[in-house]
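Me: Please take a close look at one part of this structure and tell me how it ties in with what surrounds it. One long, connected answer is fine, and keep it informal.

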Amino acid sequence: MTVGRNGYGSSEQTREKLECFDKLITMHLRIGDALCKPGKDRYLYVDMNAGPGVVPDMGIYGSPLLFLNAVPPTLSYDAFFIENHPGRAQSLTQAVAAYGDDERFDPHVSICRGDHLAIAPRIVATQRGTPVGMVYHDPNGEPSFDTLIAMSHLPQAHRLDFVIYFGATSIKRANGMRQVKALADPNMYIESRVTPLVESLSRIAKRHWIVQQPLGKWNWTYVIGTNWADFPTWRKAGFHAVNTEQGQEILDRLTSTKEERAARSEPPAVPYVPRVSQTSLIPPSPAASNPSSNGHV
Ligand SMILES: C[S@@+](CC[C@H](N)C(=O)[O-])C[C@H]1O[C@@H](n2cnc3c(N)ncnc32)[C@H](O)[C@@H]1O
């Protein structure tokens, strides 16, 4: 993602990302509506990177407004939009106020100005029971894996699905940079140990993972972690469970570099020549194996 003039990430992928998110959140809210008992359960939505509400220069809704737009009128919910940039948090407050004249939206929406590293785990930890819902993480750079990991281990997070959107190439590059620094400075080894994507995901306490076919040279992708074995995989949009062949291929592409994959598929430098003599593969004739035999029975 290139960071635009105003510091807010935007790219040709933004539109596709938001179109996909719109469908994902609509589908998820419908499932939530079916699972939540009216008057008893509340759906929980935590947007760790809410942004300004409306994408600058594009005039399209960002994730918080897409969420509000998609909430079924029958669903009770609590939505937390976290944004650490003061100007964007201000724009978001105005966008939600303008959008949310409908009394359904207040007071269920909280706009949290500050760092999701501290705020998101606190929101989840203070929930009653195990709400159904979604934690959405759409960072500008590398995902905040440590926070996702810590949050996922909270008992309240058991039925929260984690949806993460990121450019896998940025993780690979960041890992590469750490490796280079570690090579230059042997004292950095411990701190700069590379954490591959698969390892980070496996430390998030979610039993099932669904990955999307990545797009563009930054390998933009959605990955979804859930404890629900029947979470619908949306193949038309390129989503595959990681326990399928396509899912494994996608995960490999997100984790390894082109060079690493090419090296794996290259034939060995020295061709393998079996050290077996030609004659040993031909069964010996009875005459040859029994020199005393004249060939008659
Ligand atoms: C890619 S944008 C998110 C876009 C948004 N999800 C949307 O659909 O419009 C990332 C946002 O996360 C915010 N951000 C970055 N680090 C954050 C942090 N630690 N806590 C809260 N917000 C953060 C940035 O200011 C930026 O607005």
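Reply: A strand here is a DSSP run of E covering at least two residues, with strands numbered from the N terminus. By that rule residues 54-55 make up strand 4, and Val 54 sits in it. Let's take Val 54 as the starting point and work outwards, bearing in mind that this is a predicted model.

Is Val 54 buried or exposed? The bar for buried is 20 or more other C-beta atoms within 10 Å, and for exposed it is 12 or fewer. Val 54 has 18 C-beta neighbours inside that distance, so it counts as partly exposed. For background, 33% of the 297 residues in the chain count as buried.

Now for the company it keeps. Once you set aside neighbours within four places in sequence, Val 54 is in contact with Gly 59, Ile 60, Tyr 61, Gly 62, Leu 65 and Ala 95. The contact with Ala 95 bridges 41 residues of sequence, and the two C-alpha atoms are 7.3 Å apart. Long reaches like that fit the chain as a whole: among contacts with a separation of 6 or more, 71% are between residues 24 or more positions apart.

Between strand 4 and strand 5 (60-61) runs a loop, and Asp 57 is in it. Most residues other than glycine have a negative phi. Asp 57 goes the other way, with a positive phi of about 70° despite not being a glycine. It also counts as exposed, because just 11 C-beta neighbours fall inside 10 Å. If you want a second residue of this kind to look at, Asn 219 has a positive phi of about 55° and isn't a glycine either. Asn 219 lies in the loop between strand 10 (208-212) and strand 11 (220-226), and it is partly exposed, with 18 other C-beta atoms within 10 Å.

Back to Val 54 and its partners Leu 65 and Ala 95. Those two also turn up where helix 2 meets helix 3: Pro 64, Leu 65 and Leu 68 on the helix 2 side face Leu 92, Ala 95, Val 96 and Tyr 99 on the helix 3 side. By class, that contact has 7 nonpolar residues, with no polar and no charged ones. Helix 2 and helix 3 (residues 86-99) pack at about 20°, their axes 10 Å apart. Angles under 35 degrees count as roughly parallel, and that is therefore the label for this pair. The crossing is right-handed.

Helix 2 (residues 63-70) has another partner in helix 1 (residues 12-35), at an angle of about 40° and with axes 9 Å apart. That pair is therefore oblique, and its crossing is right-handed too. From helix 1, Leu 18, Phe 21, Asp 22, Ile 25, Thr 26 and Leu 29 meet Ser 63, Leu 66, Phe 67 and Ala 70 of helix 2. The class count here is 7 nonpolar, 2 polar and 1 charged.

Two names are worth following further: Gly 62, a contact of Val 54, and Ser 63, from the contact with helix 1. Both are among the residues that come nearest the ligand, along with Asn 49, Gly 51 and Asn 84, out of 19 around it. Strand 6 (77-83) and helix 4 (116-125) are the elements that give two or more residues to that shell. By class the shell has 6 nonpolar, 9 polar and 4 charged residues.

Asn 84 then leads on to Gly 114, which is in contact with Ile 82, Asn 84 and Ile 119 when neighbours within four places in sequence are left out. Gly 114 belongs to the loop between strand 7 (109-113) and helix 4, and it counts as exposed because it has 12 C-beta neighbours inside 10 Å. Its C-alpha is 8.9 Å from that of Ala 89, 25 residues away along the chain.

Helix 4, finally, packs with helix 5 (residues 145-152) at about 10°, with axes 10 Å apart. The two are therefore roughly parallel, and they cross right-handed. His 116, Leu 117, Ala 120, Pro 121 and Val 124 of helix 4 meet Thr 147, Ala 150 and Met 151 of helix 5, giving 6 nonpolar, 2 polar and no charged residues.

Notes:
Residues numbered from 1 in each chain as written. Predicted model: local features only at pLDDT ≥ 70, side-chain atom pairs only at ≥ 80, totals over all residues. Contact = placed C-beta atoms within 7 Å. Near = placed C-beta within 6 Å. Helix = DSSP H or I, 4+ residues; strand = E, 2+ residues; numbered from the N terminus. Nonpolar A, V, L, I, M, F, W, Y, C, P; charged D, E, K, R; others polar. Axes fitted to C-alpha atoms, helices over the stretch in contact; angles between N-to-C directions. Parallel < 35°, antiparallel > 145°, perpendicular 65-115°, else oblique. Left-handed = near helix turned anticlockwise from the far one by under 90°.
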